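Please report on how the copies of this chain meet and how the sheet in one of them is built.

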2 protein chains.
Amino acid sequence: MVAGPAASTAATKPMSTDDPHVDLPDDATLEAEVRALALAARQASRALAIAPTAVKNAALERIADGLEASLPALLEANAKDLRAAEAAGLAPAMIDRLRLDEARVRATAEGVRAIVKLRDPVGAVANLRTLPNGLKVERVRVPLGVIAIVYESRPNVTIDAAALCIKSGNAVLLRGGKEAFFSNAALATIVADALEAAGLPRAAVSTLGTTDRRATLALIRQAGLVDVVIPRGGEGLIRFVSEHARVPVIQHYKGVCHVYVAEDAELKMALEIVKNAKTQRPGVCNALETLLVDHVMAEDFLPRLAAAMPEVELRGCDVTCALVDRAIPATEADWDAEYLDLILAVRVVRDMDEALEHIARHGSHHTEAIVTRDPAKGARFTREVDASLVLVNASTRFNDGFQLGLGAEMGISTSKLHAYGPMGLEELCTLKWVAHGEGQIRT
Amino acid sequence: MVAGPAASTAATKPMSTDDPHVDLPDDATLEAEVRALALAARQASRALAIAPTAVKNAALERIADGLEASLPALLEANAKDLRAAEAAGLAPAMIDRLRLDEARVRATAEGVRAIVKLRDPVGAVANLRTLPNGLKVERVRVPLGVIAIVYESRPNVTIDAAALCIKSGNAVLLRGGKEAFFSNAALATIVADALEAAGLPRAAVSTLGTTDRRATLALIRQAGLVDVVIPRGGEGLIRFVSEHARVPVIQHYKGVCHVYVAEDAELKMALEIVKNAKTQRPGVCNALETLLVDHVMAEDFLPRLAAAMPEVELRGCDVTCALVDRAIPATEADWDAEYLDLILAVRVVRDMDEALEHIARHGSHHTEAIVTRDPAKGARFTREVDASLVLVNASTRFNDGFQLGLGAEMGISTSKLHAYGPMGLEELCTLKWVAHGEGQIRT
């Protein structure tokens with residue numbers, strides 16, 4: 001007997017469950033549950049879309065208050081997750097991301113209060129014009145509808161995402177990480193209570209009661225009920241969602257960010273920018289990963305840089321290795337690596353053409369910077385580099401919703417569709433057309 | 001011997017070929033060819049993105065001139081397609097869509113010249129601001145990059161799409177319909193010659209040399225090379241692309257459009273709007289499909305409407321059938337039907353709540369209209385209806401890029417992500433962030 005491809009079996013096999021005491025539901029039950037959740041969210045989204053600013057803000061204030069009032073219960077739920085994570089042997093960095101403490105909860109509550117102060121993006125009118133036939137046409141900013149967010153361990157994303165979606169008038173379906181199961185459930189209850197107290201439907205913010213992969217699959221295939229899915233986490237998660245979704249995905253992919261030190265760069269400025277971009281917080285997507293140095297600058301610049309960042313491992317091209325003793329030879333894979341660590345790939349380039357070629361080939365459309373004294377070089381770099389943020393004489397670390405003045409963000413999109421760069425409240429909306437006539441017909 | 005699931009075999013089976021004299025390439029060859037085409041388009045997109053307006057306009061002028069100069073060759077190529085279509089027994093409506101004649105070619109050339117006159121969307125700056133740290137932040141409109149368009153029989157889409165993409169600085173990969181194979185090849189040559197003459201890369205506009213479904217699949221899976229795919233055609237095509245794409249899709253789905261005649265509507269205006277929306281061009285997506293009439297108006301309105309549109313078949317609810325002799329009972333399926341024909345579904349509703357419920361349930365987010373004398377009713381309708389265009393006292397037929405003042409359009413998006421409604425030149429672009437500093441670092 002010859003066995004056929006086993007793909008369909010693999011796809012429907014239960015892959016994870018959260019509470020070991022609960023029996024695994026069958027596929028049809030799980031899909032029906034997710035669909036019911038999505039239907040309830042769709043229904044709730046109609047109320048959210050027309051909710052006045054004051055009502056949405058009242059819900060947000062209650063969330064912030066609720067977080068502070070429920071501190072002991074939150075820490076208790078979080079402790080359960082932490083014990084399970086330790087028992088499972090999770091890496092200390094992961095456990096740290098999972099941890100809630102009083103300071104973190106209070107900071108999260110303050111973050112929600114900051115969102116209260118932001119301008120409501122819904123309803124603003126753009127492009128008002130009267131057509132020759134007298135039809136008055138405007139574009140009105142409206143919520144996207146129902147947003148699904150699939151994310152990993154950090155429980156504060158639960159609150160950040162819920163608050164941004166409420167303020168922008170969207171319903172949201174949250175699928176958090178398995179590790180944060182109890183923390184997220186406790187946070188979700190605070191949010192639902194706050195919505196209800198403010199007169200909004202509890203279903204406007206829902207969490208999947210499971211991280212079973214079949215449920216995630218069902219969630220990201222609810223075309224017609226879910227308007228967009230935003231995956232937040234590692235490359236594997238984003239790839240999984242992108243490949244299996246049947247609803248639009250806004251990707252927040254990796255950042256392979258470059259700084260190009262041009263031939264005329266101010267040496268001290270270049271040193272500070274590179275050092276800041278690489279070391280100020282190496283584990284984030286807007287940190288520097290590959291340095292490109294014009295060959296004219298290399299001899300002066302690279303030894304000083306190596307001395308200024310002794311904690312950073314350098315992986316260089318031949319010229320770099322000749323100039324810096326401690327540099328080790330880079331392999332082809334280094335040019336595409338997102339280290340998220342104290343490692344820097346370094347390449348000496350002939351000129352800006354070669355730098356632009358390198359970035360076009362290896363960049364991830366996230367953040368790219370040039371250091372130069374020449375405005376014409378800066379203009380060429382910003383024009384020709386295709387990335388969500390292109391900087392002249394500043395650190396890549398500024399690609400962030402707060403830093404760029406959005407007040408808050410849902411993440412940094414490297415998709416060009418809809419949002420490119422930090423997604424704030426406006427990017428959680430779309431523009432619909434509205435036209436007012438007096439009986440106009442088409443002839 | 002028990003056979004396993006045969007999915008992988010089915011997916012790789014050749015499904016169509018265009019030229020019967022050419023041997024079918026194997027999968028790997030076909031995929032490599034599509035990838036090479038996409039790579040060339042990606043490379044060309046960098047030149048297009050920074051091409052000055054005058055250069056892009058020169059290419060467009062040459063396309064328009066080339067269409068007129070090549071008229072005999074075009075008609076000859078088209079005649080080959082028409083003969084094949086007739087031999088294959090295509091429906092007369094399909095054959096008409098496929099046909100080129102001198103008037104159509106001249107109209108297409110004029111359409112290209114109209115795009116020359118439109119403002120270049122690339123480079124416009126929005127949101128310029130200086131942050132507290134002195135960083136100057138702006139958002140610059142840039143092309144999406146490489147756009148893939150998968151469409152059906154009408155060969156004029158080849159030119160419209162190419163012209164819009166060139167003007168907006170995008171490279172484009174065109175996969176036209178099998179029926180228009182020779183016409184599209186002739187049109188593509190005119191475009192490539194025009195690009196070259198204007199000093200732009202020929203690869204900026206490429207056509208797949210085949211409509212083999214495997215090639216289409218390869219095209220819509222070129223993540224990293226293709227930025228977006230826009231399917232234009234019937235529901236089956238759009239569903240196929242949406243389900244198999246690995247790059248973002250902007251859907252131009254069906255239009256199940258409603259007119260709601262409110263209790264206070266001006267009767268004559270309502271009659272004219274409904275008649276225009278249903279009959280002025282019934283085969284298009286912004287034509288009316290379901291009429292909702294407030295019960296207060298029904299007795300007065302429906303018999304007059306039936307008399308005013310004797311050519312339209314009416315499928316009504318019970319009340320409608322009681323008021324209009326010739327109405328036949330509607331089934332549940334009628335409320336979701338896009339007839340694209342002289343058929344109208346009619347339902348009498350209790351009030352605006354019921355109309356809004358009906359539209360939320362059966363509408364396709366395309367175009368919805370209300371007829372009312374009361375501005376408050378109009379405001380509620382425009383606020384609560386989720387559609388790309390919501391009209392008060394005007395025909396649904398206005399949902400069109402030309403009618404709404406965009407000058408030209410790529411289609412009407414019913415996706416809420418990125419573009420909702422007619423896609424003009426600006427919607428073929430995205431906004432990137434640009435920041436100018438004097439050495440700012442993050443602390």
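## Interface and sheet

The copies meet through the same surface, because 100% of the interface residues of chain A are also interface residues in chain B. This is a predicted model: local features need pLDDT of at least 70, side-chain atom pairs count only at pLDDT 80 or more, and totals for chains, interfaces and linings use all residues. Residues are numbered from 1 along each chain as its sequence is written, while chains are lettered from A and ligands numbered from 1 in the order in which they are written.

A turn of 180° and a shift of 0.0 Å along the axis lay chain A on chain B with an RMSD of 0.1 Å. The two copies are thus related as by a two-fold rotation axis. The superposition is by least squares on the C-alpha atoms of residues with pLDDT of at least 70 in both.

Chain A holds an open sheet of 4 strands, in the order β5-β4-β3-β6, with parallel pairing. Its edge strands are β5 (205–207) and β6 (228–232) of chain A, each pairing on one side only. Helices (H or I, at least four residues) and strands (E, at least two) are DSSP runs, numbered from the N terminus. Two strands pair if DSSP finds at least two bridges between them.

β3 (residues 146–151) of chain A pairs with β6(A) in the parallel sense over 5 bridges. Tyr151(A) has Arg232(A) in β6(A) as its bridge partner.

Two helices contact these strands (C-beta atoms, placed from the backbone, within 7 Å):

| Helix | Strands touched | Angle to β4(A) |
|---|---|---|
| α2 (residues 27–49) of chain A | β3, β4 (171–175) and β5 of chain A | about 145° |
| α7 (residues 156–167) of chain A | β3, β4, β5 and β6 of chain A | about 165° |

Axes are lines fitted to C-alpha atoms, for helices over the stretch in contact, and angles run from 0 to 180 degrees between N-to-C directions.
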